[in-house]
Amino acid sequence: MTATPTDPQQFASSSSGENVALVLTKRRSVGFKLGAGWFWPTLWLLILGASSALGIWAIAFITRLPPLPDCDRIFRFSADSERLYCARQASVSGAEQDLVAGVQLVASWQDTHPLYQDSQDETNRWSKGVFKLAQQRMQAGNLGRANELLGYIPERAENHPQVLEALDAWQQEWERGNELVAAVKEDVANQNWSGARKQLRDIKRLTSDHWVKDKYQYLDQYIKSEEDARRNLIRAQSMADSGDMDQLVEALTLVRQMDMQSAAWPEAKPLLEKWATTLLNHGFQKWEQEDLTGAIAIIQQVPMDLATAPEAQDLVHLAHAQRLAKFNQQWVPTYGDIVNLMEAIQALKGIESGSPFYTEAEVKLGQWTEQLKDLQKLYGASLIANLNQKSSLQVAIAEAKEVAEGRPQRQQAQTLIAHWLKEIERIEDRPLLARAQQLADKGDKASLQAAIAEAQNVELGRALRVEAQTKVAQWTKQIQVLEDQPLYSKALELASKNKLRDAITEARKIEKGRALYGQAQDSIKEWTARIQVAQDRPILNEAEELAYQGRLSDAIVVASRIAPGRALYNEARNSIAVWDAERAYIESLRAPADDGYDDGYDDDDHHQDHD
């Protein structure tokens, strides 16, 4: 049951709620109608936009270029188009491997292959590149590789006929070249030098650099070396046949220098052994005559590998040990000296007790062993001394002093001690000179005097005494310059004002032996000459004016007033000589007239009037 409102306010409130509900209901109805009206246009618009986007994407997908193949991941089962593309890219380098790979790729393609026509240009270009590489290999002498490269070029290449011609031509040239090489070697073996050179000239007619340059140079040197070897062998035989032992030694040395690969070596080897045996026998004869020094001198010329008999080997060992022990003993021992002496001792130890040379070997072994000890001690002392410190030098001197008097290296030890003592003196006195130099660098007189006093502390006989005295002399001159420079500067100033006599007087105050004395004397000479020129120039001008007037005798008399040693003396004498010659010439012209009549005047008056 529904309650009916009786209160007016309640009634008003109820009516108002119903109105609101009615308004909301109407609004929802209107909104629904409006939404239904926009729905379909919006949907069709979305469909149209989606279709357009899909169409644009489809067009872009269709027209987009396919991605380039990754040549780093190409393998034999990849598509031929991708392999051809990568072959094109690789062939740009011109490398042999890349060109061969490109040619091999297209070589098997038949004319039915879809890429046959597209690859024809590459085939021709790659084939030309491979052919060029083959030519380079052929020129370098590698015919096998050259032929192998030509074999890669397919028949479809436009240069294939040229390839066939090259194969045939190269083969013929190689056969001809090998024939000439064999002919040259045969002529050399027969000592037919002119024939060998003729064959060598024929090689120049070939075309490849391998034969014309490389093989030609090799064979030319081969002929020369073989000819020299044969010539040396003949010369050695001539020297050996002389019977002189010195000549025999030279012959042995000459043959030992021959190339063992030469054609003359098989003939030289038996002669070498024969001559070595002769020298050994001669050495034994010297030894039997108790001339051990002479025996060793002879045996030293015999190589050890040519001494076969035990006694001969022992004598050779002794001779070679003697040669090693005779090193050039310099004042500083070297590691090489020690090594040579150790090798000499080792050679002596190889002589057995039953050898006839055992006694001599034992004597030398004892001497050289003691010498080796001294050398090792002095070498160690030298290494210590090389530190160049006072303490290290003192240690080195103490080590060297252990080489007592009578020892083999005593003289060398004393020389080193004297040198190292001088080095100690240098180390001790160097600070003195350094301090003196620092004082002298200030340049003033007091500092230079102090530097001289410091340098004079280096005593007579010390290693740096000469250097110290040289610096003392140098600084003394600097002091003299400082003392005399005002005098010389004043003289120069007077000379610049043309007060030459005063300048000379001032410059003469610089005494002989002083640093500026020579310079002052040069200036005095110059100023004196200028004074003399000023004095004598009017005289010479007067004489020249008289000569111009024809009064040659008067000009000569006036010019003669310029005394010897004066600045213009030589110039005056030259002018006098000219004028005298002119006067003699004039007199020679007047001589015939004077012979015809007597005018009553003597010669002197005549000349005076005309002059």
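**K525 and its helix**

I began with K525, and I found this residue in helix α20, which covers residues 517–548. Helices here are DSSP runs of H or I with at least four residues, strands are runs of E with at least two, and both are numbered from the N terminus. This is a predicted model, where local features need pLDDT of at least 70, side-chain atom pairs count only at pLDDT 80 or more, and totals for chains, interfaces and linings use all residues. Numbering runs from 1 along each chain as its sequence is written, and side-chain values use heavy atoms, with hydrogens and water left out.

Is K525 buried or exposed? K525 is exposed because its relative accessible area is 59%, and the cut-offs are under 20% for buried, over 50% for exposed and partly exposed in between, with a 1.4 Å probe and protein chains only. I also looked up I504: its C-alpha lies 8.9 Å from that of K525, with the two positions 21 residues apart along the chain.

**Whole chain**

I noted 23 helices and 0 strands for the protein chain. Of its 611 residues, 34% count as buried. I then checked contacts (heavy atoms within 4.5 Å). Taking those between residues at least 6 apart in sequence, 59% join residues at least 24 apart. The accessible surface is about 38,000 Å², and 52% of that belongs to carbon and sulfur atoms. These areas come from the Shrake-Rupley method with a 1.4 Å probe; for residues, only the protein chains shown count as cover.

**Two glutamates**

I looked up E506 in helix α19, residues 500–507. E506 counts as buried because its relative accessibility is 8%. Leaving out residues up to four places away in sequence, E506 touches L487, K490, A491 and L494.

E454 sits in helix α17, residues 445–455. E454 is also counted as buried, since its relative accessibility is 18%. With the sequence neighbours up to four places away set aside, E454 touches L432, R435 and A436.

**Cores**

Which residues touch the most other members of the largest nonpolar core? I found L150, I153, W170, V188 and I223, out of 29 residues in that core. A nonpolar core is a set of buried Ala, Val, Leu, Ile, Met, Phe, Trp, Tyr and Cys residues joined through side-chain atoms within 4.5 Å. At least two residues each come from α4 (120–139), α5 (143–152), α6 (160–189), α7 (193–203) and α8 (209–240). α6 gives the most, with 8 residues.

I followed W170 further: not counting residues up to four places away in sequence, W170 touches A134, Q135, M138, L143, A146, N147 and L150. A second, separate core has 24 residues, including A236, M239, A240 and A276.

I checked the span of α6 too. Its 30 residues reach 44 Å from first C-alpha to last, close to the 44 Å expected at 1.5 Å a residue, where the expected span is 1.5 Å times one less than the number of residues. After α6 comes Q191, with a positive phi near 60°.

**I47 and P310**

I47 is in helix α1, residues 8–63. I47 is partly exposed because its relative accessible area is 39%.

I last looked at P310, in helix α12 (residues 310–325). P310 counts as exposed, since its relative accessibility is 54%. P310 and E352 are 42 residues apart in sequence, and 9.7 Å separates their C-alpha atoms.
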